[in-house]
Amino acid sequence: MTDQDNSASTENAQALGENKYMRKVRSFVKREGRMTTRQSTAIENLWETMGVDYQVGTLNFKELFGRDAPVVLEIGFGMGKSLVEMAKNAPEKNFLGIEVHGPGVGACLADAGEQGVTNLRVINHDAVEVLEHMLPDKGLATFQLYFPDPWHKARHHKRRIVQPQFIESMRHKLAIGGVIHMATDWENYAEYMLEVLQAATDFKNLSESGDYAARPEWRPLTKFENRGHNLGHGVWDLLFERIS
């Protein structure tokens, strides 16, 4: 696992039949840890306005955010610093984050509250179930997955969230012209992500070189990533647009 702010916090499943999900393996190990007073206070005070309870029913984004604006979804936002920064820097967009780690949700809400961010909502639940039951088709402008657990051992590759079935299900949730943006600091996982995305139907690689893209300005550079750059470690971004 990396130490990225957006660390392992997602779940993989396989689509069977009519886009139904059947849980096979987890792509994360859930470690709740102890919630700090700051985190628990943020959840207590801000959940009513920024938290979204899991439900079996499609969300209405206009009602959820109180306005009609492009929606950016991030799965596995870790402690939420990057997500809050992106929401703060793009007030013209709505941001929805999904995270299974309770303390991370609390930290994200605390940062958002302290910085006056209002265009952010968070869900503390299994991303696969949220994707299946809560997200409207063609409702997303962008889907973000930053530094997920690479499960680098070959026998664990089935636990990776990036699987053909997952990308196909995400395609339905993206609007035409919507973008999948992924990033990883594991070269093997980057190669695998690229292979899966290139094989997906109805997507176009936005990289000029046909493989990886330069880090876009909207994705914050974390301290961990910057330290890795100084040590010569690589980071790979992938940008694919839904074209049909």
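In this predicted model, the largest pocket has a lining of 14 residues. Lying nearest the centre of that pocket are M86, A90, K93, F95 and W218. The space inside the largest pocket comes to about 220 Å³. Two elements each give two or more residues to its lining, namely helix 3 (81-89) and strand 6 (140-146). Of these, helix 3 supplies the largest share, with three residues. Sorted by class, the pocket lining is a mix: seven residues are nonpolar, four are charged and three are polar.

Next up is the sheet. Strands of a sheet pair through backbone hydrogen bonds, and they can do this either parallel or antiparallel. Here, seven strands come together as an open sheet with mixed pairing. Reading across the sheet, the order is 5-4-3-6-7-9-8. Strand 5 (120-123) and strand 8 (203-205) sit at the edges, so to speak, each pairing on one side only. On average, neighbouring strands of this sheet are turned by 20° against each other, direction ignored. One of the pairings joins strand 3 (residues 71-75) to strand 4 (residues 94-98), in the parallel sense and over five bridges. To pick out one spot, E74 has G97 of strand 4 as its bridge partner.

Then there are the helices. Two packed helices are described by the angle between their axes and the distance between the axes. For helix 1 (residues 37-50) and helix 4 (residues 102-115), the angle is about 70° and the axes are 8 Å apart. Angles of 65 to 115 degrees count as roughly perpendicular, so helix 1 is roughly perpendicular to helix 4. On the helix 1 side, the contact is made by R38, Q39, A42, I43, L46, W47 and M50. Helix 4 brings a list of its own to the contact, including P103, V105, L109, D111 and E114. By class, this contact of helix 1 with helix 4 has 11 nonpolar residues, along with four polar and three charged ones.

Definitions and conventions. Residues numbered from 1 in each chain as written. Predicted model: local features only at pLDDT ≥ 70, side-chain atom pairs only at ≥ 80, totals over all residues. Heavy atoms only, no water. 1 Å grid on protein atoms, 1.4 Å probe; cavity = no way out; pocket = protein on both sides within 12 Å on 5 of 7 lines; lining within 4 Å. Points joined across faces, edges and corners; volume = space filled by probe spheres on them. Helix = DSSP H or I, 4+ residues; strand = E, 2+ residues; numbered from the N terminus. Nonpolar A, V, L, I, M, F, W, Y, C, P; charged D, E, K, R; others polar. Axes fitted to C-alpha atoms, helices over the stretch in contact; angles between N-to-C directions. Parallel < 35°, antiparallel > 145°, perpendicular 65-115°, else oblique. Contact = heavy atoms within 4.5 Å. Pairing = 2+ DSSP bridges.
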